Amino acid sequence: MALAGKRILIIIGGGIAAYKVLELIRRLREAGTEVRVVMTAAAKHFVTELSVASLTGSKVFSDLFSLTDEAEMGHIQLSRNTDLLVVAPATADLLARMAHGLANDLASTLLLATDKKILVAPAMNLRMWLAPATQRNVRTLKNDGVLFVGPEDGDMACGEYGPGRMSEPANILAAIDQALKGNTALPLPPALRREGGALMGKRVIITSGPTHEPIDPVRYIANRSSGKQGHALAAAAAAAGAEVILISGPVALPDPDGVETHRIETALEMRAAVEAALPADIFIGAAAVADWRVANTAEGKIKKGFRPPGFSLVENPDILASVARHGSMRPRLVVGFAAETADVLAHARAKLERKGCDIIVANDVSAGSDVMGSDENQITIVTRAGLEPLPRLRKDEVARRLITRLADLLPSMPEPAPMAKTGSGSDV
Ligand SMILES: Cc1cc2nc3c(=O)[nH]c(=O)nc-3n(C[C@H](O)[C@H](O)[C@H](O)COP(=O)(O)O)c2cc1C
């Protein structure tokens, strides 16, 4: 983690999820991060300055016109003497103020005056999140380079179900870590994208490569994925005119031209990066995400001793299934990969249903198939309508054909419908 010794300025907005930020502050402090907090006037209705100050061990700022604060630090300094600004919960109102460049209180003034990266964790009722005005503001902020984590789908305090629930503190922590590591390139200017292709004006998120799951600071669990197919897909989608966000595990490949590439290591980091990159028209999960991670990662290097170290494994999040079931943020076309060593097509069909995606790209990675790490691949496109096998081809040609097929299919896919389900819940 890149958190130790870093300075984070958290801006707490006026939403019910503000209570979760106390847990975030606690975790950041445990990780050795210096945390300063600004609260909006509305935030003080949800959590007290005293609780926040007790957790951060320092004064909470909230008044733009406080003479003492200006004499001590000044609002410009407050926004710049930091490594990252985090807005959590980011209310609809605060997102609107940011998108329009308003500076009518301390929080919005700092957000406008900063020269540092900003990460926001929105939280609001699903109708507020889905409102055209909020979605317009989100697009504006993403274009301005503001980073997003969440919101996630879930039960809400208001009794509805859908997108708008603030990401859990662990996910916000992972997104902060990514932002501090600089794995958050700003979107490429449209001028750098290729004109006239079949995916012009479409946004495509692609995951690629393996994930590394740490055992201790020097050892990790990994797999043999080279990332060649995922990276080739990113290049082919960019060549087709799409805005491409490639989220890559550790690979020995250069970042494809014309693609916004985010490098991550673990499955949790990949999930946070995917969440932050949504919404999109197409999601392609080509990464070989580790199914498990070590529950009890050691802080220091485990020494060779009289017996081998024991560690337990916990299941990693299912990124493909969570994107496919994302409610209103579900891309129109969700594509997964199934690398299997036996009964390849049967497994692929089962995976299509289990994950709720639209297409599975099946490939045989059994011994002798010579696919992992090689420059060639033989895939079968599995849809609910049937099987479309391709011959063995170079991975860049596989990518070109698959992207062409996805561009053909995209217009026939239904628009994702906003989910509306009643239920009880505790927060947004
Ligand atoms: C009980 C209650 C809960 C609220 N929860 C949220 C919320 O989760 N998200 C949101 O965007 N606004 C929420 N609001 C509305 C905001 O508090 C209001 O828009 C406020 O002006 C936001 O101020 P701020 O952006 O400066 O924090 C809530 C209001 C009330 C009374």
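This note covers the domains, one strand and the ligand shell of a predicted model.

1. Domain layout. The domain assignment splits the protein chain into domain 1 (7-181) and domain 2 (191-411). Their C-alpha centres are 31 Å apart. Domain 1 puts 13 residues into the contact, and domain 2 puts in eleven residues.

2. The domain 1 side of that contact. Three elements each give two or more residues to it: β6 (147-148), β8 (160-165) and α9 (169-181). Helix α9 supplies the largest share, four residues. By class, this side has seven nonpolar residues, five polar and one charged.

3. Strand β12. Is this strand enclosed or open? All six of its residues (243-248) are buried, so β12 is largely enclosed by the rest of the structure. Glu243, Ile245 and Ile247 point one way. Val244, Leu246 and Ser248 point the other way. Burial holds for both sets, Glu243 included.

4. Neighbours of β12. Strand β9 (residues 203-208) pairs with β12 in the parallel sense, over six bridges. Strand β13 (residues 260-263) also runs parallel to β12, joined by four bridges. Ser248 takes part in both pairings: its bridge partner is Ser208 in β9 and Arg263 in β13.

5. Ligand shell. Which residues come nearest to the ligand? They are Gly14, Gly15, Thr40, Ala42 and Thr91, out of 17 residues around it. Helix α5 (residues 92-99) gives the largest share of the shell, three residues. The shell comprises eleven nonpolar residues, five polar and one charged.

Key
Residues are numbered from 1 along each chain as its sequence is written. This is a predicted model: local features need pLDDT of at least 70, side-chain atom pairs count only at pLDDT 80 or more; totals for chains, interfaces and linings use all residues. A residue is buried if 20 or more other C-beta atoms lie within 10 Å of its own, exposed if 12 or fewer, and partly exposed in between; C-beta atoms are placed from the backbone. Two strands pair if DSSP finds at least two bridges between them. A residue is near a molecule or strand if its C-beta atom, placed from the backbone, lies within 6 Å of it. Ala, Val, Leu, Ile, Met, Phe, Trp, Tyr, Cys and Pro count as nonpolar, Asp, Glu, Lys and Arg as charged, and the others, Gly among them, as polar. Domain bounds come from an automatic or database domain assignment. Two residues are in contact if their C-beta atoms, placed from the backbone, lie within 7 Å.
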